[in-house]
Amino acid sequence: MNTAELLEPAKLWEAAEVLGRPGPVPAAAGIYGWYFTRPPHPGLAADRLLYVGIAPRRMATRASKQNLRSRVRYHFRGNAEGSTLRLTLGCLLGLELRRVGSGKRLTFGQAGEKELTEWMAEYARVCWIEHDAPWEGESELIARLDLPLNLDQNRHHAFHSYLSGVRASARALARSLPISV
């Protein structure tokens with residue numbers, strides 16, 4: 001897989017551009033990469049690729065309806081329950097994870113998700129490449145690239161145990177607190 005378009009993208013897109021209509025992100029399958037002008041942790045470098053994701057995921061039992069446009073837009077404005085990237089960023093930024101709704105879902109609550117959305121609008125940048133079967137290249141990318149914010153398939157990374165611990169602590173605390181309204 002050619003990683004040059006992710007490592008040295010011609011353009012990095014901001015939230016306002018991605019969320020505008022019609023928007024530049026294609027409704028196609030592919031791989032997306034995240035950069036941050038201010039990283040979510042002091043031990044991480046600014047302005048370099050820190051996370052990759054794919055859309056759609058390979059589904060054994062059904063076809064996924066996800067595509068680059070829906071996933072990238074969701075990461076910019078969704079919540080931590082539906083976005084591993086948002087969960088990771090919020091935990092690293094010290095936002096309080098809470099049980100919401102029935103108590104099974106974990107998000108940063110209305111205020112925390114709003115704060116995270118604003119932080120991402122200010123500091124997050126994204127690029128993408130179209131790829132018909134992105135799941136075929138995901139493992140290779142994670143193995144070859146230095147991607148501290150990816151946990152899945154990335155146990156070899158030096159940041160993995162720290163990030164796993166931060167997320168586990170946030171989940172444990174959230175489960176000990178009352179359901180947020």
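In what order do the three strands of the open sheet stand? Here are a few notes to help you find your way around this predicted model.

1. The order is β2-β1-β5, and the strands pair in the antiparallel sense. That puts β2 (51-55) and β5 (124-130) at the edges: each has a single partner strand, so one side of each has no neighbour in the sheet. Going from one strand to the next, the twist averages 25 degrees.

2. Have a look at how β1 and β2 sit together. Strand β1 covers residues 30-36, and its antiparallel pairing with β2 runs over five bridges. If you want one to find by eye, try G33, whose bridge partner in β2 is V52.

3. Then there's the helix on the sheet. Helix α5, residues 109-123, lies across β1 and β5, and runs at about 75 degrees to β5.

4. Now for the open space. The largest pocket holds about 340 Å³. It has 25 lining residues, and those closest to its centre are Y32, Y51, R57, R71 and T84, so start there if you're hunting for the spot on screen.

5. Which elements give two or more residues to that lining? They are β2, α3 (68-77) and α6 (135-144). Of these, β2 is worth a second look: this edge strand of the sheet gives the most to the lining of the largest pocket, with five residues.

6. As for the make-up of the lining of the largest pocket, it's a mix: 11 residues are nonpolar, nine are polar and five are charged.

Methods:
Residues are numbered from 1 along each chain as its sequence is written. This is a predicted model: local features need pLDDT of at least 70, side-chain atom pairs count only at pLDDT 80 or more; totals for chains, interfaces and linings use all residues. Side-chain values use heavy atoms; hydrogens and water are left out. Two strands pair if DSSP finds at least two bridges between them. Helices (H or I, at least four residues) and strands (E, at least two) are DSSP runs, numbered from the N terminus. Axes are lines fitted to C-alpha atoms, for helices over the stretch in contact, and angles run from 0 to 180 degrees between N-to-C directions. Contact means heavy atoms within 4.5 Å. On a 1 Å grid over the protein atoms alone, a cavity is a set of points where a 1.4 Å probe fits but cannot get out, and a pocket is an open set with protein on both sides within 12 Å along at least five of seven lines; lining residues have an atom within 4 Å of a point. Grid points are joined across faces, edges and corners, and a volume is the space filled by probe spheres set on the points. Ala, Val, Leu, Ile, Met, Phe, Trp, Tyr, Cys and Pro count as nonpolar, Asp, Glu, Lys and Arg as charged, and the others, Gly among them, as polar.
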